[in-house]
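Here is a short tour of one protein model, with the annotated region, a sheet and a pocket as its stops. Keep the 3D view open as you read.

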Amino acid sequence: MMAVLAMPGANVLLPRPGYPMYEARAALGGLEFRHYNLLPDKGWEVDIEGVEALADENTVAIVMVNPNNPCGSVYSYEHLTKIAETARKLGIMVICDEIYEHCTFGSKPFVPMGVFGEIAPVVTLGGISKRWMVPGWRLGWIAMTDPKGILRKKKILESIIIYRGISVDPAAIIQGAIPQIIANTDDVFFTNAMNTMREAAEICYQRLKCMECITCPHKPEGSMFVMVELDISYFNGIDDDIDFCTKLAKEECVVICPGSGLGMKNWLRVTFAVDPPLLEDGMERLKSFCLRHAKPTRNHATS
């Protein structure tokens, strides 16, 4: 989609924090990207006023991810309506990455962005990697919800088809397996996967809440991740989130993504897509690392 939309002078609005592949693909196509904020104190909702301030006559689309990677949030029907109405006001399309549409386990039901296609045209991105737990297969799809024919008139659909003709397709053996995978996977598989994810999300959230140096502004409700804020002032000899994650990996063999790579310095993206016993072990190692590197006064207070 970034390649399809790339044209001289055009820009696209991307979320911060966000999946960095969008930036990379936009830059590769010469498409300017501008970041709007997701608001941690409001369940990582889109900063609507910020979006309106960023957009201009050259803005072609807003990208959103729901359920959200890296924040673990799931947007309500009301909030999605506001996003669609904002897109209509600005005269742009919505590109909604819904790769985690089946990975929800909180109180909010997942609402597909396509239901708002009458308000603004929507392009939905989906795939098999998360629901069927096969991330390396790299097979997905693009769906357009364009009842008013806006994207067809602008030849967006035609451009997508042309671009697909020159891009790398998934391996033939994967394409051949898809019909049976979709038709014959037992619902028990999906139920068990989400039960495990719900348990893991609860473990992750409860354990992180008990760590003095970490603030978790929103309990994860979807995807496989949660964003947490790191209090660098708590530590002795830790410079920033990248330094924290590097030393954590070396000392404890625990890998956490630094927020700087997602546009949020001194934040962390923690994944809980791990078997609960391993997750418990990882959380304990994280806690030990934090206590070991705490400033003397902090460590004494925590003890």
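## The annotated region

UniProt, in an unreviewed entry, places the feature "domain: Aminotransferase class I/classII large" at residues 2-286; such annotations may be inferred rather than shown by experiment. This is a predicted model, where local features need pLDDT of at least 70, side-chain atom pairs count only at pLDDT 80 or more, and totals for chains, interfaces and linings use all residues. Residues are numbered from 1 along each chain as its sequence is written, and side-chain values use heavy atoms, without hydrogens and water.

Residues 2-286 are 37% helix and 19% strand, and their end C-alpha atoms lie 37 Å apart. Helices (H or I, at least four residues) and strands (E, at least two) are DSSP runs, numbered from the N terminus.

## A four-stranded sheet

Now look for the open sheet with the order β8-β9-β11-β10 and antiparallel pairing; two strands pair if DSSP finds at least two bridges between them. β8 (214-215) and β10 (257-258) each have a single partner strand, so one side of each lacks a neighbour in the sheet.

Strand β9 (residues 225-230) is joined to β8 by two bridges, and Ile-214 stands opposite Leu-230 in β9.

## The largest pocket

The largest pocket (an open set of 1 Å grid points where a 1.4 Å probe fits, with protein on both sides within 12 Å along at least five of seven lines) holds about 1500 Å³ of space, the volume filled by probe spheres set on the points. Its lining has 35 residues, the closest to the centre being Met-21, Leu-125, Gly-126, Arg-138 and Gly-140; lining residues have an atom within 4 Å of a point.
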